[in-house]
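Trainee: Could you take me through one part of this model up close? I'd like the sheets, strand by strand, and then a word on what else is there.

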Amino acid sequence: MTGTGGSFLRFTDDTGRQHELELAPENQRITIGRAPQADVVLSWDAEVSRLHAAVEYLGSQWTIVDDGLSRNGTFVNGERLVGRRRLMAGDRIRMGTSLLSFHDFTGGVDDATRTSTAAIPTLRSLTDTQRSVLVALCRPYKNGTGFATPASNQQIAEELFLSVDAIKTHLRALFAKFGVEDLPQNQKRVRLAGLAMQSGLISDRDL
């Protein structure tokens, strides 16, 4: 199972083996849980409910929904899911102790996706320092680590020998350049890293 050409979920099982489940619009509901009947079976995780959550295709968007199905809740980028939420490339989903990541290489056809794609700057429009900040931000994702989180301001500052305040200033400029400044604070960094890597501005070789 591979999702290199479209949307897919990636997760690692209890043996450390990585799995990818391709998401196709023809199959509009993907169930996730501990039950063997689920499309994504997390049987090893006792904190996951038998039917924990579902990923559903609505309109032209993939969404995740947990309408009280789970006992311990579902978290997207560290924020507890209430009801339904649209999935964005790079989103990290936690259920129990299990982690899944959502990837989208379809290019998208909706207005929101077109806007965000249009907002991606070129290498030429970034300063050397801004590009260095982006590389440091994305470094935890080296070698396709599915459940990494972007580097903290402190980690970036230490790598680049700059102050934390300077890093914050550069990140604010990058948020604006990539059109993610209006996202909730806890989503900006994940989205910025996702866009930088998906667009090819930052590649594995850079990390």
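Mentor: Sure. Keep in mind that this is a predicted model. For orientation, the protein has five helices and 11 strands.

Let's begin with the six-stranded sheet. It is open, its strands come in the order 2-1-11-10-7-8, and the pairing is antiparallel. At the edges you'll find strand 2 (18-23) and strand 8 (79-80), each of which pairs on one side only.

Now zoom in on strand 1, residues 7-12. Five of its six residues are buried, so call this strand mostly covered. In the sheet order, strand 1 sits between strand 2 and strand 11, and you can follow the pairing on both sides. Towards strand 2, six bridges join the two strands, which run antiparallel. One spot to click on is Leu9, whose bridge partner in strand 2 is Leu21. These two strands make a hairpin with five residues between them, and there Gly16 takes a positive phi near 90°. Towards strand 11, strand 1 pairs over five bridges, again in the antiparallel sense. Pick Phe8 and look across: its bridge partner in strand 11 is His103.

While you're on strand 11, carry on to its other neighbour. Strand 10 (residues 92-95) and strand 11 (residues 98-104) pair over four bridges, in the antiparallel sense. Met95 has Ser98 of strand 11 as its bridge partner. If you want a general rule to hold on to while tracing all this, strands of a sheet pair through backbone hydrogen bonds, either parallel or antiparallel.

The other sheet to look at has five strands. This one is open too, with the order 4-3-5-6-9, but here the pairing is mixed. Strand 4 (40-41) and strand 9 (83-86) stand at its edges with a single partner strand each, so one side of each has no neighbour in the sheet. Further in, strand 5 (residues 53-58) pairs with strand 6 (residues 61-66) in the antiparallel sense, over five bridges. A handy marker for that pair is Tyr57, which has Trp62 of strand 6 as its bridge partner.

You also wanted a word on the rest, so on to the helices. The axes of helix 3 (residues 153-160) and helix 4 (residues 164-177) come within 9 Å and cross at roughly 105°. A crossing angle of 65 to 115 degrees counts as roughly perpendicular, and these two helices are therefore roughly perpendicular to each other. On the helix 3 side the contact is made by Asn153, Gln154, Ile156, Ala157 and Leu160, and on the helix 4 side by Val164, Ile167, Lys168 and Leu171. Sorted by class, that contact has six nonpolar, two polar and one charged residues.

Helix 2 (residues 128-138) ties in with this pair. Its buried residues are Gln130, Val133, Leu134, Val135, Ala136, Leu137 and Cys138. What covers them includes helix 3 and helix 4, along with helix 5 (185-198).

Finally, zoom back out to the whole chain. Of the 207 residues, 46% count as buried. Among contacts between residues at least 6 apart in sequence, 49% join residues at least 24 apart. The protein exposes about 10400 Å², and carbon and sulfur atoms supply 51% of that area.

Key
Residues are numbered from 1 along each chain as its sequence is written. This is a predicted model: local features need pLDDT of at least 70, side-chain atom pairs count only at pLDDT 80 or more; totals for chains, interfaces and linings use all residues. Side-chain values use heavy atoms; hydrogens and water are left out. Two strands pair if DSSP finds at least two bridges between them. Buried means under 20% relative accessible area, exposed over 50%, partly exposed in between (1.4 Å probe, protein chains only). Axes are lines fitted to C-alpha atoms, for helices over the stretch in contact, and angles run from 0 to 180 degrees between N-to-C directions. Angles under 35 degrees count as roughly parallel, over 145 as roughly antiparallel, 65 to 115 as roughly perpendicular and the rest as oblique. Contact means heavy atoms within 4.5 Å. Ala, Val, Leu, Ile, Met, Phe, Trp, Tyr, Cys and Pro count as nonpolar, Asp, Glu, Lys and Arg as charged, and the others, Gly among them, as polar. Accessible areas come from the Shrake-Rupley method with a 1.4 Å probe; for residues, only the protein chains shown count as cover.
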